[in-house]
2 protein chains.
Amino acid sequence: MDISVDCVVFGFDEDELKVLLIEQKQPDGKSAIKLQKAVPGDLVDENESLDQAAQRILLELTSLKGIYLKQFHAFGDPDRVSGLKDRDWLRSFRTHPERRVITIGYYSLVKMDDFNPQAASFAAKAQWVDVYKIPSLAFDHNNIVDQALQVLRHELMADHIGFELLPEKFTLSQLQKLYEIILDKKLDKRNFRKNIMRTDTVTPLEEKQSGVYHKPAQLFKVKRPRKTT
Amino acid sequence: MDISVDCVVFGFDEDELKVLLIEQKQPDGKSAIKLQKAVPGDLVDENESLDQAAQRILLELTSLKGIYLKQFHAFGDPDRVSGLKDRDWLRSFRTHPERRVITIGYYSLVKMDDFNPQAASFAAKAQWVDVYKIPSLAFDHNNIVDQALQVLRHELMADHIGFELLPEKFTLSQLQKLYEIILDKKLDKRNFRKNIMRTDTVTPLEEKQSGVYHKPAQLFKVKRPRKTT
DNA sequence: ATCAGTTAGTGTAAAATTTACACTAACCTT
DNA sequence: AAGGTTAGTGTAAATTTTACACTAACTGAT
């Protein structure tokens, strides 16, 4: 039985919430198998923890480094990787293509600008895809992404994660838009601000926005240092 | 790499919150190795889902059947089973005792009266142990239990699980005591009742307590059918 | 039969939180 | 100077949360 890690990396670009998907490489020799998209994921190595595996795998497939990934669920259906659609690809890239694979799902939230995914290893491409327009994915990855999104929304409300997605200096409107996009619903401006202020996680800077077409907004920064690990 | 499931089964007996622990069987031949307690857990079979594995393993080790178990976290430290204290036992009971094992933690909440654990397989004993007096356990099981308890408390508040722990007919005082014991803090009687009523999960029966030494309480039952699966 | 002991059951006022809602301020462009 | 655009701010009503104390109904003992 093999163990893998799958990384659902959500990215934000002040307009859209996207997920980082790779396109599986065409197996050598095979000519016209259907290319599939998937969430970056691979087998866990012998001497690394799950958290480390998640970091490494994301790096190997997409060149993204230093992203905080959080475990959210294990997916262990006996035949989650034995669908016909995935057979050819597994045969080309896995030492034991028939083996059952249990995967641990990780998710993360980053700002897209900071990270420029570069496909490598068995990934042919790595690209950001709109969360609300995800095509049919390899394995059970549609399910994995769905569940990650649920967890993300929940965590966003409960723990006010999400500053990761913004530039170091940001306006409250940007922050609000972020919430609206992730939660997929509109929020009230005044109430939103009250909420954020109450959490005491941001501080105003001495600085304002500039170069904008309208009243410049107060810039803020995150108060507590961003999570690492 | 092996995959296991560990089941943290919490039991309630109207006074205490306990966890179901097994005592590992003495390996044949070995005479005086230190017997360790652990949470019931074992390797996942080739053709079962994780959920099924949790059910089977709990049944095999403790004879408990039909308990709703919920996955809560994967534990994958590379050497979580390679401590000296666990070596002898692994050698006796595992085909590949040196192998790394990643485990998926499950938890559950049951009423003790309904379930009479009977040790079997490699479990020498199966017994309920007070949650607040847990000894040092095998592997990383202390950590696993701690985390399960956190999740349990969280779920209790959020989703008002916990009726499982009571007889079919129960009084609100019993229910309150249950909450108090799990959360390990006192609650206000009137506010508690308001809360429970607001959730609309219980209905009063036409029946009252009898044979008690004091004013008999109204009996209630759970409104929505208990979760299965 | 009465009394003492025990747990059941109930309401309300104050505080805190959440919700809904509309106008002025400051910058840019023309 | 005027028009367009987003920033920023307060309050009243509704809801939720919290703190708190007395009466009711049974049993067992006298």
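These notebook entries record what I looked up in a predicted model of two protein chains with DNA strands C and D.

**Entry 1. DNA strand C**

I began with the protein surface around DNA strand C. I found 21 residues around this strand, and those that come nearest are A:Val212, B:Ser173, B:Lys189, B:Lys194 and B:Gln218. By class, I noted six nonpolar, five polar and 10 charged residues on this surface. I then looked at which parts of the strand lie within 4 Å of the protein: 42% of those atoms belong to sugar or phosphate, and the rest belong to bases.

I next looked up individual atom pairs. The side chain of B:Lys189 places an N or O atom 2.7 Å from a base nitrogen of DNA strand C. The side chain of A:Lys194 has an N or O atom 2.9 Å from a base oxygen of DNA strand C. From A:Tyr213 it is a backbone N or O atom that lies 3.5 Å from a sugar or linking oxygen of DNA strand C. I recorded α5 (189–199) of chain A and α5 (189–199) of chain B as the elements that give two or more residues to the surface near DNA strand C.

**Entry 2. DNA strand D**

I repeated the search for DNA strand D. Around this strand there are 21 residues, of which A:Ser173, A:Lys189, A:Lys194, A:Gln218 and B:Val212 come nearest. The surface near DNA strand D has six nonpolar, five polar and 10 charged residues. Of the strand atoms within 4 Å of the protein, I read 44% as sugar or phosphate and the rest as bases.

Which part of DNA strand D lies 2.5 Å from a backbone N or O atom of A:Gln218? I found a phosphate oxygen there. Base nitrogens of DNA strand D appear in two further pairs. One such pair, at 3.0 Å, is with an N or O atom in the side chain of B:Asn191; another, at 3.2 Å, is with a polar backbone atom of B:Lys215. The elements that give two or more residues to the surface near DNA strand D are α5 of chain A and α5 of chain B.

**Entry 3. The ends of α5 in chain A**

I then examined how α5(A) begins and what follows it. A:Asp188 caps the N-terminal end of α5(A), with a side-chain oxygen 3.1 Å from the backbone nitrogen of A:Arg190. Just after α5(A), I noted a positive phi of about 60° at A:Asp200.

**Entry 4. A:Phe220**

I located A:Phe220 in strand β9 (residues 218–222) of chain A. Is A:Phe220 buried or exposed? Its relative accessible area is 6%, so I class A:Phe220 as buried. Leaving aside neighbours within four places in sequence, I found A:Phe220 in contact with A:Glu168, A:Lys169, A:Phe170, A:Leu172, A:Met197, A:Val202, A:Thr203, A:Pro204 and A:Leu205. For A:Leu172 I looked up the separation as well: A:Phe220 and A:Leu172 are 48 residues apart in sequence, and their C-alpha atoms are 7.4 Å apart in space.

**Entry 5. A:Glu48 and α1 of chain A**

A:Glu48 sits in the loop between β4 (41–43) and α1 (50–62) of chain A. I recorded a relative accessible area of 9%, so A:Glu48 is buried despite being a charged residue. Its side chain makes a polar contact of 2.6 Å with the side chain of A:Arg56. Beyond its neighbours within four places in sequence, A:Glu48 is in contact with A:Leu43, A:Ala53, A:Arg56, B:Gly76, B:Pro78 and B:Arg100.

I listed the buried residues of α1(A) as A:Leu50, A:Ala53, A:Ala54, A:Arg56, A:Ile57, A:Leu58, A:Leu61 and A:Thr62. At 1.5 Å a residue, the 13 residues of α1(A) should span 18 Å, and the end C-alpha atoms are 18 Å apart, which agrees. A:Ser63 follows α1(A) with a positive phi near 65°.

**Entry 6. Helix α3 of chain B**

Helix α3 of chain B covers residues 141–159; I noted 19 residues and a reach of 26 Å from first C-alpha to last, close to the 27 Å expected. I found B:His141, B:Ile144, B:Val145, B:Ala148, B:Leu149, B:Leu152, B:Glu155 and B:Leu156 buried in α3(B). Seen down the axis, the buried residues of α3(B) fall within an arc of 135°, so they line one face of the helix.

Against which elements do the buried residues of α3(B) pack? I recorded β1 (2–12), β2 (17–24), β3 (37–38), β5 (70–75), β6 (101–111) and α4 (172–183) of chain B. After α3(B) comes B:His160, with a positive phi near 50°.

Notes:
Residues are numbered from 1 along each chain as its sequence is written. Chains are lettered from A and ligands numbered from 1 in the order in which they are written. This is a predicted model: local features need pLDDT of at least 70, side-chain atom pairs count only at pLDDT 80 or more; totals for chains, interfaces and linings use all residues. Side-chain values use heavy atoms; hydrogens and water are left out. A residue is near a molecule or strand if one of its heavy atoms lies within 4 Å of it. A polar contact is a pair of N or O atoms within 3.5 Å; within protein, one must be able to donate a hydrogen and the other to accept it, and residues adjacent in sequence count only if both atoms are side-chain atoms. Helices (H or I, at least four residues) and strands (E, at least two) are DSSP runs, numbered from the N terminus. The expected span of a helix is 1.5 Å times one less than its number of residues. Buried means under 20% relative accessible area, exposed over 50%, partly exposed in between (1.4 Å probe, protein chains only). The arc is that of the directions from the helix axis to the C-beta atoms. Contact means heavy atoms within 4.5 Å.
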